[in-house]
Every structure is written in structure tokens, then in C-alpha cells.
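Here's a friendly tour for anyone meeting this protein for the first time. Have a look at the structure, then read on.

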Amino acid sequence: MERTPIPVLTVQTAPYEDQRPTGGGGLRRPTGLFESQRNYLPNFVQSLLSSVDLRDRQGCTMVVGSDGRYFSKTAIEIVVQMAAANGIGRLVIGQNGILSTPAVSCIIRKIKAAGGIILTASHSPGGPGGEFGVKFEVANGGPAPDIVSDKIYQISKTLEEYAICPDLRVDLSRLGRQEFDLENKFKPFRVEIVDSVEIYLNLLRSIFDFNAIRNLLTGPNQIKIRIDAMNGVMGPYVRRILCDELGAPANSAINCIPLEDFGGQPPDPNLTYATALLEAMRGGEYGFGAAFDADGDRYMILGQNGFFVNASDSLAIIAANLSCIPYFCQMGVRGFGRSMPTSTALDKVAKAMKVPVYETPAGWRYFSNLMDSGRCSLCGEESFGTGSDHLREKDGLWAVLVWLSILGARKQSVEEIVRDHWAKFGRHYYCRFDYEALEPRTAYFIMRDLEALITDKSFSHQQFAVGNNIYSVERTDSFEYIDPVDGTVTKRQGLRIIFSDASRLIFRMSASSHVRATLRIYAESYEKDPSQHNKEPQAVLSPLIAIALKISQIHERTGRKGPTVIT
């Protein structure tokens with residue numbers, strides 16, 4: 001019996017003024033806004049699809065995945081219906097809609113797709129009262145560059161209609177191909193439901209020595225691990241790769257069922273929210289612990305007794321030990337990249353290895369050009385994101401497998417590896433203080449006044465005396481990045497104060513916030529003397545923080561008594 005073609009409808013709509021992507025082609029808003037505002041999601045999806053030139057869009061393949069948060073299934077249905085109506089020829093979707101951000105990047109690159117759509121709000125809370133997001137990946141498997149984000153925004157401001165096939169229904173649970181005949185379309189629209197893990201797992205097999213990791217986890221000198229998927233997308237990946245493939249006991253993995261509200265906790269892998277993992281590690285039973293965020297691109301590492309490895313140190317230690325990874329032995333190391341707020345620990349390793357370091361604004365999209373041009377092999381950010389040129393996204397599980405490879409090769413504990421690194425390269429004491437949910441105008445004026453203060457000539461070479469410490473300002477600036485590949489200039493990416501002893505203070509507005517603003521203060525102090533490596537970071541950095549609070553007046557101007565989160 002011949003199937004009746006599914007109608008393609010054009011729906012009239014009105015534009016929204018607030019659909020500017022916050023970076024990497026992503027829109028993140030309260031979930032209630034997506035649910036309550038008429039056509040809010042269809043408008044953005046149409047703007048996103050229309051940003052792809054019509055000749056590139058017709059018949060192309062795109063990848064779709066989500067972190068499983070509340071509203072994802074509804075959103076996937078809308079994305080599928082609109083992709084079909086807009087001429088996309090094929091969608092590749094993870095089973096049950098589940099795909100980690102690294103897996104989406106992997107599949108885009110593997111099948112040479114035109115791009116991908118990821119439904120995630122990263123580490124933000126889920127559930128009806130949480131947040132929801134839509135993120136656009138381009139053909140290299142990386143976040144959309146600013147020029148694409150700007151195009152999406154311009155389209156969104158004048159949008160009058162969108163195309164959709166409201167009668168199209170896909171079974172996300174059934175692996176394999178589903179085809180749909182559409183009105184006025186010569187070729188059927190295809191949807192392929194794929195195993196969420198398999199393609200990504202095959203890539204990891206080509207990068208790592210799985211036998212060596214398996215021996216670490218199951219051999220005579222095995223290490224006990226504890227992995228917290230935080231009820232996000234990573235549960236299936238942890239169970240399949242670390243437990244089934246690499247032999248870790250099933251009870252090594254906790255919170256591995258993706259939940260729409262992530263169990264009521266923000267899926268944010270840090271000491272504030274990954275408390276279940278931290279308590280387990282403090283008991284001393286486990287030698288290695290890790291947690292992942294909702295979409296699997298961020299991670300946290302803990303050693304025995306809860307020894308915390310900050311993200312900047314993790315990046316530097318990975319860089320110093322790339323010879324433990326077969327991929328880098330084969331491909332070589334061409335350069336490193338770090339976001340400007342990330343500590344300069346990586347720079348010390350790069351100098352020893354005689355490779356360049358590229359300092360970029362925050363945002364993974366800035367690393368893509370460097371990797372595509374062959375300049376950069378390893379990149380990282382202080383916000384618990386690390387990755388290499390195997391993908392164009394940060395990759396939490398990849399970073400964990402690197403750490404397990406290092407542990408297996410060096411036969412030391414996490415703490416011993418970190419302390420050896422500090423003894424060789426020095427320790428970079430580092431903290432980030434987040435002031436969240438600020439009134440946007442207040443945050444804007446704090447940053448405006450601070451920029452005027454620190455860039456005034458009278459501020460240069462100023463001295464600050466705090467207790468027994470004297471800090472002399474060496475230079476200040478508003479960070480500006482010139483892309484070495486295409487010459488693109490990105491301005492006003494954070495305020496920097498660099499002191500004569502190489503200590504740094506950085507002030508930056510977060511681009512991932514929505515209605516409210518987040519202002520971040522970063523403090524860094526370098527210590528070469530190993531006898532001084534056992535101090536608490538906040539104690540070491542307290543004089544710098546006192547300077548930051550004095551010149552910014554953030555407590556006085558916001559009414560706050562302290563930061564929301566310290567990492």
C-alpha cells in the first residue's frame with residue numbers, strides 16, 4: 001500500500017529579540033521559557049537551519065543528540081520535523097535521543113555531516129525549573145564560530161515563518177533506518193537511529209592502549225576507581241567503556257541513569273556539586289575518581305583521600321605525559337592551546353617541550369581553527385574542559401582515559417604524579433570565584449568602571465601592600481585575541497592585571513548566562529619552591545583576592561558577602 005506523503009507546513013510566527021547565541025551557536029534559557037513562549041524553540045531552530053546556505057542544506061546529513069534533560073524528547077521531535085521540512089536529507093540520532101557532545105563531534109567527523117544540533121544546557125540544572133539549550137556544531141565537529149552565531153541572530157530578529165512537518169513521528173528507541181515521504185520532495189527523508197556509544201568507542205580504541213588500561217583496572221596491581229556520571233548523558237558511556245570494555249567493576253560507576261532533572265542536583269563536576277564522589281574518595285578506598293557534566297564534555301579528577309586536581313593542573317600534567325598515549329606517539333605534538341583565564345601551568349610544560357602555546361578567549365570554538373590548521377594538538381580551559389585534535393570538542397571521558405593511561409605507565413598515585421609535576425615545573429596556585437545571578441546592569445557597570453581604572457596610566461606600576469605581601473603591577477589590559485589562522489580579531493574578552501612576580505588577577509563576564517549575569521574573578525600565583533607547595537590555594541591567594549575586592553568594589557556594589565561558587 002502506497003504511503004500518503006507527509007505534508008510540509010509553513011507556520012507564521014513573530015521574531016524574538018533575545019535569541020542571540022551566547023557563543024558556539026548555542027542558546028541557553030530557562031526551560032519554562034521554551035515551554036511557555038509561543039514558537040520560541042521553532043524560531044531558533046529555523047534561524048539555525050536558515051544560517052546554512054540552501055545549496056549546502058538540501059539533501060545534507062546532520063547529527064542530533066541530547067543530554068537527556070527535561071524537554072529533550074519534545075525538542076528532538078520538533079528538530080526532526082523542521083529538519084525534514086527544511087530540506088535536510090538525513091538525520092543521524094543517538095538511540096533514545098542520547099548522545100554526548102564529544103560523540104556528536106565524533107559522528108559529524110566520521111560521516112562527514114554538514115553539522116549537528118545538541119540539546120543541552122551543559123552543567124546547568126535540569127527539570128521544569130532548570131535550564132534548556134540548543135547548540136549548533138558545524139562541519140568540522142566543533143562549536144559554531146562567531147560569524148555563524150551572528151548570522152543565526154540576525155535571522156532570528158526578522159523571522160516571520162518557519163517550515164515544519166508536524167505529522168512526522170520518529171521512534172527514537174528503534175535502532176536502524178526510518179524513511180518518510182514528504183509532500184513535494186523527490187527523495188524520502190531518512191532518520192538513522194544509532195547506538196549512542198559505538199562510533200565514539202571505536203575512535204577511543206584507536207587513540208589509547210586499551211590493554212594497558214584494562215590491566216590497570218583488572219591486573220594484579222589494579223586500582224579501584226569511582227566514576228560519577230551525575231545522572232547525565234555519560235552513564236551509558238561509563239558503563240559500556242569503563243566497565244564492559246575495560247573491566248572496571250559495575251559498582252565503580254554511580255549515578256549512571258540519565259535523569260531529566262539529574263537527580264535534583266546541578267550536573268556540574270566540581271567540589272561544590274559532586275559531593276557524593278568527594279565523600280567516597282575521602283574514605284580512602286578508591287585510588288582514582290572522576291565526575292562528568294550533563295553532556296560529557298567536562299570532567300573533574302580526584303585522587304585517593306579526595307585529593308583534588310584543578311583543571312589547569314590537569315591540562316598541564318596531561319601535556320607533560322602525552323608520550324603515554326599511542327595517538328600522540330604516532331601523530332606528534334605540534335602545539336598547545338589554553339583559554340586566557342586558565343592558569344599558565346601549561347606554558348611551563350610547553351617551554352620545556354619547545355612547542356608553542358596559543359592563548360585564546362574562553363570558548364572552545366577558538367581552538368577549532370588552531371586544530372584545523374595543524375597548529376594545536378592539545379587544548380584546555382579552567383572550567384574543567386580538555387581535549388585534543390581527535391575531535392573539535394572538549395572531551396571528558398577522553399581526559400579520564402588519558403589520566404588512567406598515565407597512572408598505568410608511571411605506576412604512581414594521582415597525588416604523587418601531581419606533586420612530581422609541581423616539583424619539576426613549580427606550582428600555580430589558582431582559584432576562580434563566581435558571582436552568579438547578578439543584575440546585568442550592575443555587573444556591566446562594575447566591569448566598565450574596573451576597565452577604566454586599570455587601563456588608566458596612573459594604575460600601571462602601582463603597588464598594593466596586603467599584610468606582608470607587596471604586589472607591583474607590571475601590566476594591565478582588556479584581552480584581545482587575533483586568530484593566527486584567519487586574522488579575526490576578538491576584543492574585550494576579560495580584564496587582566498599581571499604583577500611583577502607573574503601573579504595574575506582576571507575579571508570576566510561569563511557568556512553562558514541568560515537573564516542574570518555571572519562575574520568571575522580568577523587569581524593565580526606561581527611558587528617554584530617545593531617546600532611551599534603544601535598550602536591551601538585560598539590562603540595563598542587571599543592577598544590577591546583582597547586586591548580584587550578592593551578595586552572592583554563587587555561586594556559593596558552587589559550587596560553580596562562572598563562568591564556563589566569557588567573552584
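In which sense do strands β15 and β16 pair, and over how many bridges? They pair in the parallel sense, over four bridges, with β15 covering residues 336–339. Keep in mind as you look around that this is a predicted model.

## The four-stranded sheet

That pair belongs to an open sheet of four strands, in the order β16-β15-β17-β18, with mixed pairing. At the edges sit β16 (357–360) and β18 (385–388), each pairing on one side only. From one strand to the next, the twist averages 15°.

To find the β15 and β16 pairing on screen, look for F336, which stands opposite V357 in β16. Then there's helix α11 (residues 311–320), lying across β15, β17 (378–381) and β18 and running at about 170° to β17.

## The seven-stranded sheet

Another open sheet has seven strands, ordered β2-β6-β5-β3-β4-β9-β8, and again the pairing is mixed. Here the edge strands are β2 (27–30) and β8 (176–180), and each pairs on one side only. The twist in this sheet averages 15° from one strand to the next.

Inside it, β4 (residues 90–98) and β9 (residues 189–194) run parallel and are joined by five bridges. One spot to check is L91, whose bridge partner in β9 is V191.

Two helices are worth finding here. Helix α2 (residues 40–50) packs on the sheet and touches β2, β3 (61–66), β5 (115–119) and β6 (131–137), with its direction making about 10° with that of β6. Helix α5 (residues 101–111) lies across β3, β4, β5, β6 and β9, running at about 165° to β3.

## What the record says

An unreviewed UniProt entry lists "domain: Alpha-D-phosphohexomutase alpha/beta/alpha" for residues 23–162, 200–305 and 324–425. In the model, the span 23–162 is 42% helix and 24% strand, and its end C-alpha atoms lie 23 Å apart. For 200–305, the figures are 34% helix and 15% strand, with the end C-alpha atoms 32 Å apart.

## A pocket to explore

The second largest pocket holds about 570 Å³ of space. It is lined by 27 residues, and the closest to its centre are L271, F308, R427, E536 and P537. Elements giving two or more residues to this lining are β14 (307–309), α11, α16 (414–425), β19 (427–438) and α18 (537–552).

Which element gives the most to the lining of this pocket? That's β19, with four residues. By class, the lining has 12 nonpolar, eight polar and seven charged residues.

Conventions: Residues numbered from 1 in each chain as written. Predicted model: local features only at pLDDT ≥ 70, side-chain atom pairs only at ≥ 80, totals over all residues. Heavy atoms only, no water. Pairing = 2+ DSSP bridges. Axes fitted to C-alpha atoms, helices over the stretch in contact; angles between N-to-C directions. Contact = heavy atoms within 4.5 Å. UniProt positions renumbered as here; feature names shortened; annotations may be inferred. 1 Å grid on protein atoms, 1.4 Å probe; cavity = no way out; pocket = protein on both sides within 12 Å on 5 of 7 lines; lining within 4 Å. Points joined across faces, edges and corners; volume = space filled by probe spheres on them. Nonpolar A, V, L, I, M, F, W, Y, C, P; charged D, E, K, R; others polar.
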